[in-house]
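Here are some short exercises to work through with the structure in view. Try each task yourself before you read its solution.

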Amino acid sequence: SSGLFAEYGVFIRGSLPTLKALAACQIHHPECLEEMTRQAWLGLYSRDIDITDSDNVRSFAAAAGVPDPEGLFELSKGDEARQQLIDNTTEALDSKCFGAPWYTVEHPVTGRREKFFGHDRVEMLGWVIGKEYKGHNPPQE
C-alpha cells in the first residue's frame, strides 16, 4: 500500500499537524471540534489519506464548518494551539490513558468522569451520556 499504512500496518507519517489544528479548533471553534475530529478520523481510517498534508487538514476544517479553514490552519502553527495540545496530552496521561481511542466523559447527572478505551466501548459511552449509539455509519433519517 502506498497510503498512510506501510507494510505491517506501521504508521509512517504521524499526525501532529492535524492534532495542532484540532487544538486550535478546540480553542477558537469548539462547536466544530467534534465534526472536525470525525473528518480527520474518516480521512485516516476510511480514505487512507495523509492527515499531515496541509490541504487535507484544511479540508477537514472546511467539512466541519469552520468559518475560515485557512485562518485555523495558521492558528494551528502558533503557541496557543501548541500549548492546548500539550494540555490535552497531559490531561490524557494524568487520567491514565493507555491507548486510542480514549474517551473521558462526564456523566450528565452525577458529574462523575467516566473513562472508556476502544471502539467497542462506544455503545457503553453513549449509555452513560444518555445517547443511543447507532453505529459508526448510521442510516440517514
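**Exercise 1: the hairpin**

Work out how β1 and β2 are joined and which way they run.

Solution. Strands β1 (residues 102–106) and β2 (residues 113–117) run antiparallel, with five bridges joining them. Strands here are DSSP runs of E with at least two residues, and helices are runs of H or I with at least four, numbered from the N terminus; two strands pair if DSSP finds at least two bridges between them. Next, find Glu106: Arg113 in β2 stands opposite. Then look between the strands, where the hairpin has six residues, and Gly111 takes a positive phi near 80 degrees.

A word on the model: it is predicted, so local features need pLDDT of at least 70 and side-chain atom pairs 80 or more, while totals for chains, interfaces and linings use all residues. Residues are numbered from 1 along each chain as its sequence is written, and side-chain values use heavy atoms, leaving out hydrogens and water.

**Exercise 2: two helices that cross**

Find how α1 and α4 are placed relative to each other.

Solution. Start with the axes (lines fitted to C-alpha atoms over the stretch in contact, with angles from 0 to 180 degrees between N-to-C directions). Those of α1 (residues 16–28) and α4 (residues 69–76) come within 8 Å and cross at roughly 110 degrees. The helices are therefore roughly perpendicular, a label for angles of 65 to 115 degrees. Now list the contact (heavy atoms within 4.5 Å): α1 brings Lys20, Ala21, Ala24, Cys25 and His28, and α4 brings Leu72, Leu75 and Ser76.

How values were computed:
Angles under 35 degrees count as roughly parallel, over 145 as roughly antiparallel, 65 to 115 as roughly perpendicular and the rest as oblique.
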